[in-house]
Amino acid sequence: MAKTKIAAPSAASYRRRQMLITLLPLLALGVLFAALCAVVSTKGYRLDMYLEIIFNEGVVLAIVATGAIFIYTLGSFDISLGASTLFSAALGVQTYNATGSLPLMILVIFAVAIGCSLLSSVLASVFHIPVFVTTVAMMSVLSAIAAQIITTYGGALGGISIPGEVVKPLDKPWIKIVILIAFAALCVFIFNFTKIGRRQKFLGGNPVCAQLTGIDLNKYAIIAFVMAGLGVGIGAFLTLVYTPSVNTGTASSIGMNIIVAIVFGGMPISGGARSRIYAALVGGFSYILLNNILMLLIEGNAGYGISQIISAVFFLAVVYVTGINYRTQTLPR
Amino acid sequence: MAQPILEMKGIHKRFATTVALNGVDLTVYPGEIRGLIGENGSGKSTISSIAAGMLKADAGEMTFLGKPWAPANMVEALEHGFGMIVQEQGTVPGISIAENIFLGDIDQFSKGPFVDRKAMLAAARKVLERVGMDKVDPALPMAALDIQDRKLVEIAKVIAREPDIFVVDETTTALSQIGREKIYELMREQKAADKSVLFISHDLDELLQTCDTLTVLRDGNLIRSFTKEEFDPDAIRTSMIGRELQGDYYRSDSTPTRQDGIALAAEHLTLGEELQDVSLTLYKGEIVGIGGLSQCGMHTLGKVLFGAQKPQQGRVTVNGTAIIGEAVAMKQGIGYVAKDRDVESLCLSASIQDNIAVAGMERYAIRDFLILENRERAYVDKQIGDLSVKCAGRDQQVSQLSGGNKQKVVFGKWIGRGSDILILDCPTRGVDIGVKQAMYQLMTRLKNEGKSILMISEEMPELIGMCDRLLVMKDGRVTKEFARGPEMVDTEIIKYMI
């Protein structure tokens, strides 16, 4: 090793570097957006059409991921969120078709979404098992029941639906943006300006220490799952607003996509103190943008598979880079 | 003099804004026990971690056994004869004791594609005997052991490889006197075999007794090396902190004092073999010490008093309220500083602000719910200022702090919320002499303010120096109570410990 004189960076330059790291996901989102515009224009496709698709997919993913941040902050994850979205939407459709009432449909969607989420956390609490284990079981159960409902009532159509005109008035970008902002604002408030969010971050960072600081894991896990359920409810409703039909593939990949989106947004998969709500918003749209860019670039039958592989490599790279930043700052214990 | 076993020249290392090492030279010779001392954050653990492959230097040169040395990790270092026992947790909780001992070297028990578990357990038993753990089943999971036994297993893991150099990084703070004697014996064996030891500790007395040479680091710089003939405690202390210690170290009074009124009462606490019918009363403005060997039940007692463990029989009360959980304890004004600081008292990945603020939200939250950043910052800054936490700012991650400053953060967490009763389990474990003095002075100040302190400790001098009363525990029972005064001396106390 060569001998060199080392000077410590000033606190201000250190903060600048940390700020830059914090802003990187936002920068990546901008780059991905520019890349999409470039790819679409190179291919000669209509940009407005792609932006509409990305917006509608992105809003649902970002909202469900925003609610899920509360679970991920605890260092846990919920793989059943996609199945829960599908199940809520399916029961919402059935409710509307049985009663013709939109408010009742919305009520059922939210009740089912929050109920499914709560059930996962309560089961984990009662049986003293990690919560992600119960979510794996929930995913299987909810997918199976939803599939049964859809195939039973959908028949040859392969899906169940409500009349398009029922939700068509709500299928407007500004309404979705308002819903997204309102839900994100609620989550930011709870996360950053109340004892709930602070304690959840601490629990995720060190549950043993949190318990010895008087923080009840079960209580905060239940709150986290209620928030995630709320996100699932909104996501399920917006899915129906966008396409008023539900089939067995609806929202099926949301559970996994959330994991990738949150990491893309700059939040560690282990949760804790570095958890951020904006990671879900930025990461959700980044993931959808990346996916669409890859699908555009790699056309043909292999396109989906290759784009998934590239997304996975990208995911690993982001996890590695964020890990380096943390490890190099840690003094020996 | 013989060729050095380890030679490090001009080692530089920094972490974020902290310069941990600034061109430090260190040489260790065969048959030498070299002590390394310095305040928290002086760079002791960093330089030994670099030599052991746990960290990479930013600049500098290293040779080990006469050859250039740059181990990729601790496993590779150990394979080449460089064994290190780290300050905090160095074992894997999810696997067995035997698997921990032979971690990275399990191939020696290969039987085709399988591991000869019987042979591995037999070999583990032999190694455990060397560290005095002959009664421990090596098939047990590591998580079943307490902090002292985990540390002994780590020592066993290193000595099983017969290393040429054996680095002991503040390990003795986790050990009882018996454990310490064991490790001193292993060091002497190492020296007798013409091998080396690098011994890092804050306990100057044990360094003076054990070492041949002593190197002092301060703020990442090498200050001075002392040979055995030059050993002078005052000169070493002054080198360490760069000034002479001002004011009293322990309490200056020699009689017990307290205010009227009971702060906490425990009646007939029983929990397995760890606690057997333990009763105690803690008065306002009183410091009560709990002393004994590590396994005597005193650490469990601390947890039970805080409501973190439920006794099978008996109860703890404060102002007539039964303490049935941590949240209740906190509501009644109890704070708890755990022995296992990095696991039980701090969230290492969080900032200083997060760690201090989390326990005191009731103090600054509006309507006990709404958190405003400016109020939280003011609350945290006050604790940082009052306790003189050496940091780059409240946003700095706690994992970047030295042991002493981490402990100050833990104190800030509990003092800031205005705890009237503090249960301190080994409060000065792994902290340097300057921080220790600051903590003793803080405890004295809190006592004078009418706060009550229950200090659990394995260090007899601090128990004698600080307590109004001392309860000695053995096998889960209180065997003797001493009042502050001429009778509270170590020769008398130890009779009731062993």
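# A tour of chains A and B

Start in chain B, where 13 residues of domain 1 are in contact with eleven residues of domain 2. Keep in mind that this is a predicted model.

**Stop 1: the domains of chain B**

Colour chain B by its domain assignment. Domain 1 covers 6-241, domain 2 covers 245-333 + 420-498, and domain 3 covers 346-412. Put a marker at the C-alpha centre of domain 1 of chain B and another at that of domain 2 of chain B; the two are separated by 31 Å.

Now select the side of domain 1 of chain B that touches domain 2 of chain B. Helix H6 (177-192) and helix H8 (233-241) of chain B each supply at least two of its residues. Which of these helices gives the most to that side? H8(B) does, with three residues. Colour this side of domain 1 of chain B by class: three residues are nonpolar, seven polar and three charged.

**Stop 2: a sheet in chain B, S6 to S12**

Stay in chain B and show the strands. One open sheet has six strands, in the order S6-S9-S10-S3-S11-S12, with mixed pairing. Find its edges: strand S6 (82-85) and strand S12 (221-227) of chain B each pair on one side only. On average, neighbouring strands of this sheet are turned by 15 degrees against each other, direction ignored.

Select residues 165-169 and 196-200 of chain B next. These are strands S9 and S10, paired in the parallel sense over five bridges. Zoom in on B:Val168, and B:Phe199 in S10(B) stands opposite.

Add helix H1 (residues 44-51) of chain B, which packs on the sheet. H1 touches strand S3 (33-38), S6, S9, S10 and strand S11 (213-218) of chain B. The direction of H1 makes about 150 degrees with that of S10(B).

**Stop 3: a sheet in chain B, S15 to S22**

Move along chain B to the open sheet of six strands with the order S18-S19-S20-S15-S21-S22. The pairing in this sheet is mixed. Its edge strands are strand S18 (334-337) and strand S22 (477-483) of chain B, and each pairs on one side only. Neighbouring strands here are turned by 15 degrees against each other on average, direction ignored.

Select strand S21 (residues 469-474) of chain B with S22(B). How many bridges join S21 of chain B to S22(B)? Six do, and the two strands run antiparallel. Check one pair: B:Arg469 has B:Ala483 in S22(B) as its bridge partner.

**Stop 4: H3 and H4 in chain A**

Switch to chain A. Select helix H3 (residues 81-99) and helix H4 (residues 102-127). Their axes lie 8 Å apart, and the packing angle is about 150 degrees. An angle over 145 degrees counts as roughly antiparallel, so that is how H3(A) and H4(A) are placed. The crossing of H3(A) and H4(A) is right-handed.

Show side chains where these helices meet. From H3(A), take residues including A:Phe87, A:Leu91, A:Thr95 and A:Tyr96. From H4(A), take residues including A:Met105, A:Val108, A:Ile109 and A:Cys116. The contact of H3(A) with H4(A) has twelve nonpolar, six polar and no charged residues.

**Stop 5: H3 and H11 in chain A**

Keep H3(A) and add H11(A). The axes of H3(A) and H11(A) come within 6 Å and cross at roughly 135 degrees. That makes H3(A) oblique to H11(A). On the H3(A) side, select A:Leu81, A:Gly82, A:Ala83 and A:Thr85; they meet A:Ile254, A:Gly255 and A:Ile258 in H11(A). By class, this contact of H3(A) with H11(A) has four nonpolar, three polar and no charged residues.

**Stop 6: H11 and H12 in chain A**

Hide H3(A). Show helix H11 (residues 254-264) of chain A with helix H12 (residues 278-297) of chain A; their axes are 7 Å apart, at an angle of about 110 degrees. Are they roughly parallel or roughly perpendicular to each other? H11(A) and H12(A) are roughly perpendicular, because angles of 65 to 115 degrees count that way. The crossing of H11(A) and H12(A) is right-handed.

For the contact, select A:Asn257, A:Val260, A:Ala261, A:Ile262, A:Val263 and A:Phe264 of H11(A). Add A:Ala279, A:Ala280, A:Gly283, A:Gly284, A:Ser286 and A:Tyr287 of H12(A). Colour the contact of H11(A) with H12(A) by class to finish: eight residues are nonpolar, four polar and none charged.

Notes:
Residues are numbered from 1 along each chain as its sequence is written. Chains are lettered from A and ligands numbered from 1 in the order in which they are written. This is a predicted model: local features need pLDDT of at least 70, side-chain atom pairs count only at pLDDT 80 or more; totals for chains, interfaces and linings use all residues. Domain bounds come from an automatic or database domain assignment. Two residues are in contact if their C-beta atoms, placed from the backbone, lie within 7 Å. Helices (H or I, at least four residues) and strands (E, at least two) are DSSP runs, numbered from the N terminus. Ala, Val, Leu, Ile, Met, Phe, Trp, Tyr, Cys and Pro count as nonpolar, Asp, Glu, Lys and Arg as charged, and the others, Gly among them, as polar. Axes are lines fitted to C-alpha atoms, for helices over the stretch in contact, and angles run from 0 to 180 degrees between N-to-C directions. Angles under 35 degrees count as roughly parallel, over 145 as roughly antiparallel, 65 to 115 as roughly perpendicular and the rest as oblique. A crossing is left-handed if the near helix is turned anticlockwise from the far one by less than a right angle, and right-handed if clockwise. Two strands pair if DSSP finds at least two bridges between them.
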